[in-house]
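Biologist: Could you walk me through this structure? I would like to go through it topic by topic, beginning with whatever vocabulary we need.

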Amino acid sequence: METSLADALIVMGKAIGAGLAMGIGAIGPGIGEGNIGAHAMDAMARQPEMVGTITTRMLLADAVAESTGIYSLLIAFLILLSL
Amino acid sequence: MDMFEINLTSVVQLMNFLILLYVLKVYLYDKYFKVMDARKEKIEGEIKKAEDLRREAEELKKQASEELKSVRERSEEIIRKASEEAENIINEAKKRAEVEADKILTSAKEQIERERAEMISEVEKKAGEVAIVLAMKILKGTLDEKAKKEYLMKILKGSEK
Amino acid sequence: MKRKTKIGLIIFLVVYFTVGIINAIFFVPKDASQVTQGLASRWIVQISDKAAWYTRINPLTIIMSWAIIVGLIIFAVKVGKNFKLIPDRKQSLAESVFDFMYEIVESVIDDPRFVKPTFMISTTLFIYIAIANVLGGAVPGLNVTVAGGTVKFTLFSDTFFAPTADLNTNLTYALMVFVISHAFAIKAKGFKGWAKSWFEPNPIMFPMNVIGELAKPISHSLRLFGNIGGGAILTFMLSYLVKYLFLPVVFWGFFGLFVGLIQALVFAMLAVAYISAQIS
């Protein structure tokens with residue numbers, strides 16, 4: 001099967017774009033969730049009787065902080081699969 | 001791009017949601033609110049009942065303490081009265097005893113006086129008689145009977161004075 | 001668990017695993033590009049000849065959401081028929097969810113007039129989305145892929161479709177929450193107060209306010225869509241990558257049960273938060 005240069009360039013662009021979107025987009029949520037987890041651990045160490053409440057709040061905050069990463073995941077899929 | 005397509009499905013989903021909301025409201029939420037209110041009312045009623053019972057108990061306690069107080073007062077009064085009476089009785093008895101003792105004393109004194117007077121009069125009488133007898137013995141023969149007696153009587157009267 | 005249900009579950013699992021493994025060995029294409037070809041596409045049916053947004057429909061979304069709604073309605077009618085002061089098992093299940101949501105709503109919404117409507121909307125959203133997320137992918141069965149205009153049905157190669165993995169559902173609900181929050185704001189503050197709130201703190205901020213308000217439903221819907229839709233794609237890809245050693249349902253245990261429940265709660269709580277931000 002003969003592939004033209006244009007097709008190859010498109011595939012390359014898709015791969016690079018999706019990889020960059022996912023890779024750079026994962027930095028922010030990683031840092032944010034790390035911060036959330038660290039402070040939740042601090043709070044748990046300071047007040048062990050509040051572990052249940054802190055854990056649920058931490059998961060909720062994680063889910064919100066994760067959303068930018070999810071957006072980049074969506075964009076990556078969009079580039080890779082359906083564009 | 002059909003991953004991000006918006007079409008008629010959204011309207012259908014909105015209708016679905018509204019139907020679900022309506023059914024859940026009729027069958028669950030309204031009844032849930034009603035039951036919640038009923039529970040709250042029940043708990044409040046029970047709390048109120050307990051409060052009433054507590055108040056009643058407090059009132060009863062107050063009443064009982066008041067009654068106790070009055071009873072104590074009355075008993076104290078009774079005791080006081082009784083002791084007063086007892087004192088009265090004792091005083092009376094003492095007075096009466098004193099009076100009686102006085103009476104006995106006076107009567108005894110009177111008797112003693114009377115006896116003394118009697119004794120004195122008797123002694124006087126006897127002394128008079130003895131004196132007469134002695135005088136008669138002494139004056140025997142020197143005077144006649146009548147003059148003797150008059151004289152003696154004069155003497156006696158003089159001695160009585 | 002009763003003996004009968006145990007045996008039924010074991011038979012079901014054995015059939016599921018054997019069919020899945022046979023499917024993985026014989027029917028799933030070996031070429032990776034062939035597998036991912038129809039991954040992001042949806043099964044869309046065009047009702048009439050005219051191609052417009054109001055003639056196209058996603059049958060899988062509607063089938064799944066109707067199934068979930070019918071199940072929920074049956075449960076609601078069964079429980080609601082004899083809703084007692086002292087709850088039995090099913091009623092206490094419903095009441096524990098309601099208590100949980102009511103506590104959150106009551107602590108967030110200041111105005112007592114809007115506590116009950118907000119509670120109804122957010123609880124319905126939570127229940128519906130949670131069940132869609134958990135059951136949508138956990139029901140194994142038909143997988144519909146569209147490759148090059150032809151609809152292809154594959155058995156057991158993917159989890160079933162969750163209605164929340166369709167942007168239609170999420171965007172509709174997010175827009176509905178947006179409209180409801182503004183309707184409540186008009187009701188709470190009056191039309192003048194509501195219109196004034198766009199120009200706060202000063203009129204220069206008006207475009208920023210508009211953008212901020214419009215960004216709310218977009219981020220609200222895309223968060224759920226990304227989590228569930230992306231989770232579905234990741235589930236499919238991961239189970240393909242491990243050659244169906246673990247079937248998609250195993251991965252859905254993470255993406256559906258854990259992420260799905262948290263995202264459902266986040267969606268409901270964000271709805272409450274948006275409404276409370278508008279009416280206060």
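Modeller: Let me start with a term: a residue counts as buried under 20% relative accessible area, as exposed over 50%, and as partly exposed in between. By that cut-off Arg56(C), with a relative accessible area of 22%, is partly exposed. Please keep in mind that this is a predicted model.

Biologist: Fine. Which residue does Arg56(C) meet in a salt bridge?

Modeller: The side chain of Arg56(C) meets that of Glu5(B), at 2.8 Å from N to O. Arg56(C) lies in strand β2 of chain C, whereas Glu5(B) is in the segment before α1 of chain B, so this pair joins two chains.

Biologist: And Glu5(B), is that one buried or exposed?

Modeller: Glu5(B) is buried, because its relative accessible area is 18% and the limit for that class is under 20%. Its partner Arg56(C), at 22%, falls in the partly exposed class.

Biologist: How many salt bridges are there between chain C and chain B?

Modeller: The count between chain C and chain B is two, while a search of the whole structure gives ten over all chains. For polar contacts between chain C and chain B, the count is 16 residue pairs, with both residues at pLDDT 80 or more.

Biologist: Which parts of chain C supply the side that touches chain B?

Modeller: At least two residues each come from β2 (56-57), α3 (59-81), α4 (89-108), α5, α6 (167-196) and α7 (206-241) of chain C. Of the elements on that side, α3(C) gives the most, with twelve residues.

Biologist: How much area do chain C and chain B bury between them?

Modeller: About 4000 Å² is buried between chain C and chain B, and 73% of it is on carbon and sulfur atoms. In terms of residues, 51 of chain C are in contact with 33 of chain B.

Biologist: Let's turn to the rings. How many aromatic pairs are there over all chains?

Modeller: The count is 18 aromatic pairs over all chains. One of them is formed by Tyr29(B) and Phe119(C), whose ring centres are 5.6 Å apart with 65° between the planes, which makes the pair edge-to-face. This pair also crosses between chains, from helix α1 (residues 9-139) of chain B, where Tyr29(B) lies, to helix α5 (residues 115-138) of chain C, where Phe119(C) lies.

Biologist: Why does Phe119(C) count as buried?

Modeller: Phe119(C) counts as buried because its relative accessibility is 0%, and Tyr29(B) is likewise buried, with a relative accessible area of 0%.

Biologist: Which aromatic cluster do these two belong to?

Modeller: Tyr29(B) and Phe119(C) are in one aromatic cluster together with Tyr32(B), Phe33(B), Phe98(C) and Tyr102(C). There is also a charge to note at Phe33(B), since the charged end of Lys116(C) sits over that ring, 4.5 Å from its centre.

Biologist: Back to salt bridges. Which residue does Lys25(B) form one with?

Modeller: Lys25(B) forms a salt bridge with Asp30(B), and their closest N and O atoms are 3.3 Å apart. Both residues are in the partly exposed class, Lys25(B) with a relative accessible area of 32% and Asp30(B) at 31% relative accessibility. Chain B also holds a network of salt bridges that links Glu51(B), Arg54(B) and Glu58(B).

Biologist: What about Asp88(C), which residue is its partner?

Modeller: Asp88(C) forms a salt bridge with Lys84(C), with 3.7 Å between the closest N and O atoms. Asp88(C) counts as partly exposed at 36% relative accessibility, and Lys84(C) counts as partly exposed at 34%.

Biologist: Last topic, the overall make-up of chain C. How many helices and strands are there?

Modeller: Chain C has eight helices and four strands, and from the N terminus on, its elements run α-α-β-β-α-α-α-β-β-α-α-α. Of the 280 residues in chain C, buried ones make up 49%. Among contacts in chain C between residues at least 6 apart in sequence, 68% join residues that are at least 24 apart.

Biologist: And Lys126(B), where does that lie?

Modeller: Lys126(B) lies in helix α1 of chain B and counts as exposed, at 52% relative accessibility. Its C-alpha atom is separated by 17 Å from that of Lys149(B), which is 23 residues apart from Lys126(B) along the chain.

Methods
Residues are numbered from 1 along each chain as its sequence is written. Chains are lettered from A and ligands numbered from 1 in the order in which they are written. This is a predicted model: local features need pLDDT of at least 70, side-chain atom pairs count only at pLDDT 80 or more; totals for chains, interfaces and linings use all residues. Side-chain values use heavy atoms; hydrogens and water are left out. Rings of Phe, Tyr and Trp (its six-membered ring) pair if their centres lie within 6.5 Å; planes under 30 degrees apart count as stacked, over 60 as edge-to-face and the rest as tilted. Buried means under 20% relative accessible area, exposed over 50%, partly exposed in between (1.4 Å probe, protein chains only). A charge sits over a ring if NZ of Lys or CZ of Arg is within 6 Å of the ring centre and within 35 degrees of the ring normal. Contact means heavy atoms within 4.5 Å. Buried area is the accessible area (1.4 Å probe) that two parts lose on being put together, summed over both. A salt bridge is a side-chain nitrogen of Lys or Arg within 4 Å of a carboxyl oxygen of Asp or Glu. A polar contact is a pair of N or O atoms within 3.5 Å; within protein, one must be able to donate a hydrogen and the other to accept it, and residues adjacent in sequence count only if both atoms are side-chain atoms.
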